[in-house]
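Biologist: Please take a close look at one part of this model, the sheet and what packs against it, and then relate that part to its surroundings. A single connected account would serve best.

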Amino acid sequence: MNELIEIRHLLKSDYEALKAAMLLAYPRMQSYWRREQVEQLVDLFPEGQFVVTVNEEIVAAALALIVTHDQFGEVHTFQDVTGDYTFRTHSAAGDTLYGIEVFVVPAMRGRRLARRLYDARKELCERLNLRSIAFGARIPGYHEYLDTLTPKQYVQKVKDREIVDPSLNFQLANDFHPVRVLKGYLPGDAASGDYALLMEWDNMLYDTSPVQAVARKTQVRLGLVQWQMRLYEGLDDMFQQVEYFVDALAAYRADFALFPELFHGPLMAEANELSEIDAIRKLSRYSEEILARFTALAVKYHINIITGSMPEVAADGKLMNVGYLCRRNGSTERYEKIHVTPNEAKYWALTGGKRLQTFETDCGPIGVLICYDAEFPELARLLADQGMNILFIPFLTDTQTAYSRVRHCAQARAIENECYVAMAGSVGNLPRVKNMDIQYAQSAVLTPCDFAFPNTGVKSEATPNTEMILVTDVDLSILDKLRHSGSVQNLRNRRSDVYQLSASELMPKH
């Protein structure tokens with residue numbers, strides 16, 4: 001069963017589940033917030049209380065207040081900042097988001113749940129236009145060094161990687177910096193030697209003038225995998241390479257990982273004695289397991305994965321080329337290749353799909369077109385009409401001429417639809433796989449052509465025919481400006497009074 005991971009605000013009705021999770025997180029301390037305290041937090045500041053659920057069960061939480069930085073300064077205790085646990089220190093007019101609790105139950109650690117909570121706090125801090133996030137961080141490993149190191153020396157050795165402190169290492173990796181050592185912050189915290197660190201994250205978007213707060217994520221980081229076709233001993237062997245790339249992109253904090261069309265084609269080598277049709281139908285047996293593995297990786301590495309494509313047998317027995325969006329919360333969506341090439345129809349007997357839609361993500365609406373579909377401008381325009389900001393194109397091309405067709409059409413789609421286009425393909429040779437013997441690719445992120453973008457309309461591109469990843473930031477707010485005040489405005493200037501595009505049966509209604 002796939003895990004569905006969601007982050008949402010804490011409700012008063014969650015109390016018993018929250019208490020049970022806290023008791024699991026703190027088995028030695030048996031510490032938990034009382035019901036009246038939790039209800040007061042929800043009443044005072046509902047936006048600041050987050051929980052993470054796995055299949056609707058609470059497994060992690062982050063609680064916070066808004067306080068005025070100058071009221072407490074850099075020397076205070078937990079009792080001070082919480083108003084003796086009454087939360088009377090909370091002020092909607094304050095300037096600092098102060099974290100008073102973060103925990104993850106032991107069974108769910110190592111899944112980047114804490115990072116989701118930290119990211120949610122950062123987005124809240126930006127939206128509310130607060131100057132920073134602060135909290136007092138325990139250093140439970142310090143008790144082993146009480147006699148040899150001062151707290152300041154301990155922190156430096158952790159920074160220098162001479163000492164491993166998982167909590168502090170995590171906070172540093174998430175852009176928090178230690179401001180000062182706090183003595184007696186949490187009385188009775190023997191494991192920390194009665195010390196804590198005041199940690200802060202500075203909101204770079206903070207503006208002292210009264211401006212409208214940031215309402216949604218506009219900076220999106222795209223990760224493209226330019227995949228090397230090579231022979232594998234099996235699915236486990238291939239997914240070691242898949243996870244390597246997902247891990248690398250997650251380390252760069254990419255929001256999306258895009259894989260190429262039919263990137264798992266090398267697995268057909270084990271059926272190379274069969275006809276092309278039989279070999280690809282045998283390849284389709286891996287599709288369900290591949291989806292399950294990608295779904296698990298999306299959750300594990302907290303990244304949205306676009307799986308490229310894979311053959312799948314439809315209910316009527318026909319073979320289709322499909323792929324999946326695996327969101328980082330564990331949910332999945334399916335997309336289909338609408339147009340198959342003459343080669344795919346002849347050698348693999350592939351059948352074109354009938355479904356086209358945009359997909360909502362935590363980075364806004366996106367679209368996916370598989371390779372040849374990018375050469376049909378109507379499809380991308382239909383997606384643009386549904387609000388698509390980023391078009392992903394997983395492709396597989398054998399020659400440079402085939403690649404150029406997809407590349408030039410992808411560039412046109414970016415211009416026509418005032419969107420970003422990310423395209424990723426495979427490189428290398430497969431002499432033991434029929435109908436997939438050579439590949440050519442140069443993966444790229446393409447933009448509209450206007451003054452706010454690169455003159456060439458190319459945001460970034462990979463080295464041709466080389467296995468690598470391409471990591472690129474795109475700014476969605478620039479698209480909004482382009483659509484309202486660009487040199488040309490393709491979407492706005494369409495003559496809908498003269499012609500219209502419709503696909504009522506193709507696209508599902510939202």
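Modeller: In this predicted model, F50 has A62 of β3 as its bridge partner. The two strands concerned, β2 (residues 50-54) and β3 (residues 57-67), run antiparallel and are joined by five bridges. Both belong to an open sheet of seven strands, whose order is β1-β2-β3-β4-β5-β7-β6 and whose pairing is mixed. At the edges stand β1 and β6 (177-183); each has a single partner strand, so one side of each is left without a neighbour in the sheet. From one strand to the next, the twist averages 25 degrees.

Two helices that pack on this sheet deserve attention. Helix α5 touches β1, β2, β3, β4 (96-104), β5 (132-138) and β7, and the direction of α5 makes about 165 degrees with that of β4. Helix α7 (residues 166-173) also packs on the sheet, where β5, β6 and β7 are touched, and the direction of α7 makes about 15 degrees with that of β7. Strands β5 and β7 thus appear in the contact lists of α5 and of α7.

One contact of α5 can be described at the level of rings. A pair of aromatic rings is described by the distance of the centres and the angle of the planes. For Y118 and F135 the centres are 6.2 Å apart and the planes make 75 degrees, an edge-to-face pair. Y118 lies in helix α5 and F135 in strand β5, 17 residues apart, and the pair links distant parts of the chain. The model has 27 aromatic pairs by the rule applied here.

Helix α5 also leads to the second largest pocket, which holds about 1,600 Å³ of space. The pocket is lined by 42 residues, and D119, E123, E126, K217 and D255 are the closest to its centre. Two or more lining residues come from each of β1 (5-9), α5 (113-127), β7 (195-202), β8 (219-229) and β15 (359-361). The largest share, nine residues, is that of α5. By class, the lining has 21 charged, twelve nonpolar and nine polar residues.

Strand β15, one of the elements in that lining, brings in another sheet. This one is open, has six strands in the order β15-β16-β17-β18-β21-β22, and shows mixed pairing. Its edge strands are β15 and β22 (458-461), each of which pairs on one side only. Neighbouring strands are turned by 20 degrees against each other on average, with direction ignored. Within this sheet, β16 (residues 364-368) and β17 (residues 390-394) pair in the parallel sense over three bridges, and V368 stands opposite F392 of β17.

Elsewhere in the chain, strand β12 takes part in two hairpins. In the hairpin with β11 (residues 310-313), four bridges join the antiparallel strands, and V313 stands opposite L319 of β12. Five residues lie between these strands, and G317 takes a positive phi near 90 degrees in this hairpin. With β13 (residues 332-336), β12 (residues 319-326) pairs in the antiparallel sense over five bridges, and V322 stands opposite E336 of β13. The hairpin of β12 and β13 has five residues between the strands, and here G330 takes a positive phi near 100 degrees.

Methods. Residues are numbered from 1 along each chain as its sequence is written. This is a predicted model: local features need pLDDT of at least 70, side-chain atom pairs count only at pLDDT 80 or more; totals for chains, interfaces and linings use all residues. Side-chain values use heavy atoms; hydrogens and water are left out. On a 1 Å grid over the protein atoms alone, a cavity is a set of points where a 1.4 Å probe fits but cannot get out, and a pocket is an open set with protein on both sides within 12 Å along at least five of seven lines; lining residues have an atom within 4 Å of a point. Grid points are joined across faces, edges and corners, and a volume is the space filled by probe spheres set on the points. Ala, Val, Leu, Ile, Met, Phe, Trp, Tyr, Cys and Pro count as nonpolar, Asp, Glu, Lys and Arg as charged, and the others, Gly among them, as polar. Two strands pair if DSSP finds at least two bridges between them. Axes are lines fitted to C-alpha atoms, for helices over the stretch in contact, and angles run from 0 to 180 degrees between N-to-C directions. Contact means heavy atoms within 4.5 Å. Rings of Phe, Tyr and Trp (its six-membered ring) pair if their centres lie within 6.5 Å; planes under 30 degrees apart count as stacked, over 60 as edge-to-face and the rest as tilted.
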